[in-house]
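Let's walk through this protein together, from helix packing to salt bridges and cysteines. Have the structure open and follow along as each residue comes up.

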Amino acid sequence: MIEARHLRVLRAVAATGSFSAAGRELGCTQPAVSQQMKALEASVGTPLLIRSGREMRLTQAGEALVRHAVGILSGLTAAEEEVAAIAGLRAGRVRLVSFPSGSSTLVPTALAALRSAHPGTRVSLEEAEPPKSVELLREGDCDIALAFRYERATGAGDVEQAGEGEGEWDDLVVRPLLTDRLVALVPERHRLARTGPSGSVAIGDLADEPWIAGCPRCRGQLVQVCESAGFTPRIDFATDDYPAVIGLVGAGLGVAVLPQLAIESVRPRGARAVTLEPAVRREIVALTLPDLAQVPAVSATLEQLGRAAARIG
């Protein structure tokens, strides 16, 4: 019989590449890891690892078992949490992954409310942009992932859902949170910093400007929107750090297009946000696995994220 503790050890060995590194990750000794791997190989009746000097790699059977271990351990975690809640322990653990602007706007309000309502629930937070955050969820390394996907600009100025988003979350539980509009960010002394009565600018008006781009997915969206308006942006700077983007714009080094949520999380000193036309938006959601959605602590966290988003929206 395969034991869950052995699967956790196998997964750690596969991820770290050695018994000693797996032991450090799991909080046990290298001999203990070795013994559990031997026990697991005896249980399945076939070698799972090939050792060659200092190098270690999985056999075909080992690769198959690691692949199945993700779903098994995720389901087991969901079962343990739900059983504990049913037994009246009123405790839980939630591992949350969020992109930076979500971490500074949605997450604090949601977690403060969660702690007030369920003080026994522990929440950990890690930052990652999609699609990495979604990969962490599918691999069993988090319970909830805050993610986003952009609408796609068309030549006619309309938008539709970006092709990369179609079907990419079909295996997950999707909790819509809010729709975040992109805005243009220009230096405060820029010719477009004070717009007319409409208070908006066309992205084509920025065609000749130097650009500061954000995260890789945001960069791709920027190029797509600009090309739909008939030009390719000249990107002078690229950074995943929203405050850095805003600082570069404020210093007069270029213009940028950022989600409204990102600007709300940072005071744009020396820069001015203006409405962008045609409107381009991104859908912000909370994602989890179907089994985990039934866990009370996860469900309560999703509920509080929804309430936090409603206050912003």
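**A guided walk through the model**

In helix H5 (residues 100-117) and H11, we have two axes that come within 8 Å of each other and cross at roughly 125°. Please keep in mind throughout that this is a predicted model. With that angle, H5 and H11 are oblique to each other, and their crossing is right-handed. To see the contact itself, show the side chains on both helices. From H5, the residues taking part are Thr105, Leu106, Thr109, Ala110, Ala113 and Leu114. They meet Ala300, Thr301, Gln304, Leu305, Ala308, Ala309, Arg311 and Ile312 in H11.

One residue of this contact deserves a closer look. Is glutamine 304 buried or exposed? Glutamine 304 lies in helix H11, and its relative accessibility is 8%, so it counts as buried, the limit being under 20%. Leaving aside residues up to four places away in sequence, glutamine 304 touches Ala110, Ala113 and Leu114. Those three also appear among the H5 residues that meet H11.

Stay on H11 for a moment, but turn to its charged side chains. Arginine 307 and glutamate 303 meet in a salt bridge, with N and O at 3.4 Å. Both belong to helix H11 (residues 296-312), where they sit 4 residues apart, about one turn of the helix. How much of each residue is accessible? Arginine 307 counts as partly exposed at 44% relative accessibility, and glutamate 303 is partly exposed too, with a relative accessible area of 32%. The pair does not stand alone: Arg175 joins Glu303 and Arg307 in a network of salt bridges.

How many salt bridges does a search of the whole structure find? The count is 14. Two further examples show how such pairs can link separate parts of the chain. In one of them, glutamate 277 is paired with arginine 181, and the closest N and O atoms are 2.9 Å apart. Glutamate 277 belongs to strand E12 (residues 271-277) and arginine 181 to strand E7 (residues 173-187), so this salt bridge ties together parts that are 96 residues apart in sequence. Glutamate 277 is partly exposed at 33% relative accessibility, and arginine 181 is partly exposed at 24%.

The other example joins aspartate 240 and arginine 219, whose side chains form a salt bridge with an N to O distance of 3.1 Å. Here aspartate 240 is found in the loop between strand E10 (234-238) and helix H8 (242-250), while arginine 219 is in helix H7 (residues 216-228), so the pair ties together parts that are 21 residues apart in sequence. Aspartate 240 is partly exposed, with a relative accessible area of 44%. Arginine 219 is partly exposed as well, at 26%.

Now let's visit a loop. Leucine 289 has its place between strand E13 (281-288) and helix H10 (290-293). With a relative accessible area of 15%, leucine 289 is buried. Which residues does leucine 289 touch, not counting those up to four places away in sequence? They are Ser74, Leu137, Leu172 and Val173. Leucine 137 is a nice one to pick out: its C-alpha atom is separated by 7.5 Å from that of leucine 289, though the two residues are 152 residues apart along the chain.

What about the cysteines? The count of disulfides comes to 0. Cysteine 142, for instance, is in no disulfide, and the nearest cysteine sulfur, that of cysteine 215, is 17 Å away. A disulfide would need the two sulfur atoms within 2.5 Å. Cysteine 142 is buried, with a relative accessible area of 1%. Cysteine 218 also counts as buried, at 11% relative accessibility.

To finish, go to another pair of helices. Helix H1 (residues 4-16) and helix H2 (residues 19-26) pack at an angle of about 120°, and their axes are 8 Å apart. H1 and H2 are therefore oblique to each other, and H1 passes H2 in a right-handed crossing. On the H1 side, the residues in contact are Arg8, Val9, Ala12, Val13 and Thr16. Their partners in H2 are Phe19, Ala21, Ala22, Glu25 and Leu26.

Technical notes:
Residues are numbered from 1 along each chain as its sequence is written. This is a predicted model: local features need pLDDT of at least 70, side-chain atom pairs count only at pLDDT 80 or more; totals for chains, interfaces and linings use all residues. Side-chain values use heavy atoms; hydrogens and water are left out. A salt bridge is a side-chain nitrogen of Lys or Arg within 4 Å of a carboxyl oxygen of Asp or Glu. Buried means under 20% relative accessible area, exposed over 50%, partly exposed in between (1.4 Å probe, protein chains only). Contact means heavy atoms within 4.5 Å. Axes are lines fitted to C-alpha atoms, for helices over the stretch in contact, and angles run from 0 to 180 degrees between N-to-C directions. Angles under 35 degrees count as roughly parallel, over 145 as roughly antiparallel, 65 to 115 as roughly perpendicular and the rest as oblique. A crossing is left-handed if the near helix is turned anticlockwise from the far one by less than a right angle, and right-handed if clockwise.
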